[in-house]
Amino acid sequence: MASSRIVYLNGEFVPFDQARVPVMDRGFLFADGIYEVSAVIDGRLVDNAAHLARLDRSLSEIGIRNPHAAAEWEGLQTELVARNGVTEGLVYMQVTRGVAERDFAFPARGTPPTVVMFTQAKTVLANPLAETGAKIVTVEDLRWKRRDIKSVALLAQVLAKQAAAEAGVAEAWMVEDGAVTEGSSSTAFIATRDGRLVTRPLSTALLPGITRAAVLQLADEASLRVEERLFSVAEAHAAAEAFYTSASAFVMPVIAIDGRTIGEGRPGPLTRRLRDLYIGMARAA
Ligand code: PMP
């Protein structure tokens with residue numbers, strides 16, 4: 001990583017090596033915090049207002065005051081992107097309940113939240129995996145019951161992604177009561193043999209993906225048939241197409257699930273179309 005890397009910490013832009021968070025930070029001790037990720041392409045943030053709205057909602061759900069209005073956040077993000085010279089990649093934001101002596105209950109009112117942002121340069125548009133398509137595995141969903149909150153408590157997702165890595169694949173879809181909830185860091189979609197797009201409806205069982213919402217809107221505008229309902233692992237195995245969406249993967253084709261080939265074993269036409277539509281939207285915005 002470049003020695004010139006700059007991160008944002010509690011009101012200041014700081015050289016990466018000098019940015020320090022105290023041991024008593026509640027994010028470190030309790031995973032008591034929220035994060036958000038926005039993509040950057042062509043040097044610009046993608047669908048950022050929706051990410052900032054979700055950040056605000058997640059913070060509010062766990063009673064952390066949002067330290068910035070959306071316009072302030074965007075100003076800070078934009079400056080951080082510029083300072084790091086990122087034209088393609090992502091901006092990571094995290095807000096924790098701050099620093100206090102270790103005690104489970106909330107610290108005194110007025111304890112300032114800890115605010116961290118950093119950028120990662122990354123190939124988003126010309127991602128080679130989007131050309132070949134990704135293989136994935138399914139794993140048990142081990143998470144808590146409020147997955148609609150974008151909490152930094154990501155241990156179940158860490159274990160899921162490690163299971164994927166050990167299987168030599170890119171992503172793991174998590175499964176509860178036989179139905180796919182979502183990917184470890186993405187929303188899961190399948191397409192049926194008669195061309196219907198299927199994804200799980202929003203609830204506390206999954207994160208309301210910002211890319212999911214954009215893709216559903218694009219599908220609607222393209223008059224595609226969409227079903228928001230639960231789908232089983234067996235249905236995914238037998239799907240004509242599958243893909244997952246996230247801020248950094250955009251629309252990622254899936255070509256194998258648990259070693260079973262999906263469709264023709266290459267990115268399907270519906271998936272390709274949605275990826276193109278999404279990229280068009282992201283560039284135009
Ligand atoms: N589900 C989970 C569990 C995730 O971590 C992510 C990535 N943040 C997503 C879905 C996709 O959400 P988004 O499209 O907003 O990046």
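In this predicted model, the shell around the ligand takes at least three residues from domain 1 (6-121) and at least three from domain 2 (129-284). The ligand is surrounded by 18 residues. Arg54, Lys150, Glu182, Ile210 and Thr211 are the closest of these. Sorted by class, the shell holds 10 polar, four charged and four nonpolar residues.

The table lists polar contacts between the protein and the ligand.

| Residue | Protein atom | Ligand atom | Distance |
|---|---|---|---|
| Glu182 | polar side-chain atom | nitrogen | 2.5 Å |
| Thr211 | N or O atom in the side chain | oxygen | 2.6 Å |
| Ser186 | backbone N or O atom | nitrogen | 3.4 Å |

Glu182 and Thr211 thus appear both among the closest residues and in the table, where Glu182 meets a nitrogen atom of the ligand and Thr211 an oxygen atom. For Ser186, the contact comes from the backbone.

How much of the ligand does the protein bury? On its own the ligand exposes 390 Å², and the protein buries 95% of that area. The ligand sits in the largest pocket. Four elements each give two or more residues to the shell around the ligand: the helices α2 (48-61) and α6 (210-221), and the strands β9 (179-183) and β13 (241-246).

Notes
Residues numbered from 1 in each chain as written. Predicted model: local features only at pLDDT ≥ 70, side-chain atom pairs only at ≥ 80, totals over all residues. Heavy atoms only, no water. Near = heavy atom within 4 Å. Polar contact = N/O pair within 3.5 Å; in protein donor to acceptor, adjacent residues only side chain to side chain. Areas by Shrake-Rupley, 256 points an atom, 1.4 Å probe, with all protein chains shown as cover. 1 Å grid on protein atoms, 1.4 Å probe; cavity = no way out; pocket = protein on both sides within 12 Å on 5 of 7 lines; lining within 4 Å. Sits in = over half its atoms within 2 Å of the grid points. Nonpolar A, V, L, I, M, F, W, Y, C, P; charged D, E, K, R; others polar. Domains from an automatic or database assignment.
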